[in-house]
Amino acid sequence: MKNVMFLDIDGVVNCITTEERIPDHRGYIGVEQKKIGFIKQIIEATGAELVLSSTWRLDWIHNTFSWHYLRDEFKKQGLFF
């Protein structure tokens, strides 16, 4: 059986103290590379596939700025949705 990791974004790879912001978009909160690194460690240890279960996934449908930002930030760690 394949391992699957369902990932929320808010409160997992960002939080109230996250300083990163989505560039050029009204200061929306971003994600922290350190926390994405923790996700990567879990995936490497378990061989799980990553599934985005956050409401951020809805931006993918509309091809919006936050989806592109999120995809690019995860790519920095070698992770893909």
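Q: Leaving aside neighbours within four places in sequence, which residues is F74 in contact with?
A: This is a predicted model, in which local features need pLDDT of at least 70, side-chain atom pairs count only at pLDDT 80 or more, and totals for chains, interfaces and linings use all residues. Residues are numbered from 1 along each chain as its sequence is written, and side-chain values use heavy atoms, with hydrogens and water left out. With contact taken as heavy atoms within 4.5 Å, and with neighbours within four places in sequence set aside, the partners of F74 are L7, I9, V13, I36, L50, L79 and F81.

Q: Which element gives the largest share of the largest nonpolar core?
A: A nonpolar core is a set of buried (under 20% relative accessible area, 1.4 Å probe, protein chains only) Ala, Val, Leu, Ile, Met, Phe, Trp, Tyr and Cys residues joined through side-chain atoms within 4.5 Å. The largest one has 18 residues, and those with the most contacts inside it are I9, V31, I39 and F74. Two or more residues each come from β1, α1, β2 and α3 (65-75), where helices (H or I, at least four residues) and strands (E, at least two) are DSSP runs numbered from the N terminus. The largest share, four residues, is that of α3.

Q: Which residue in β2 is the bridge partner of M5?
A: Along strand β1 (residues 4-7), M5 and L7 point to one face and are buried, while V4 and F6 point to the other and are not. Strand β1 runs parallel to β2 (residues 49-52), with four bridges joining them, and strands pair if DSSP finds at least two bridges between them. In β2, the bridge partner of M5 is L50.

Notes: Buried < 20%, exposed > 50% of the residue type's maximum accessible area, 1.4 Å probe, protein only.
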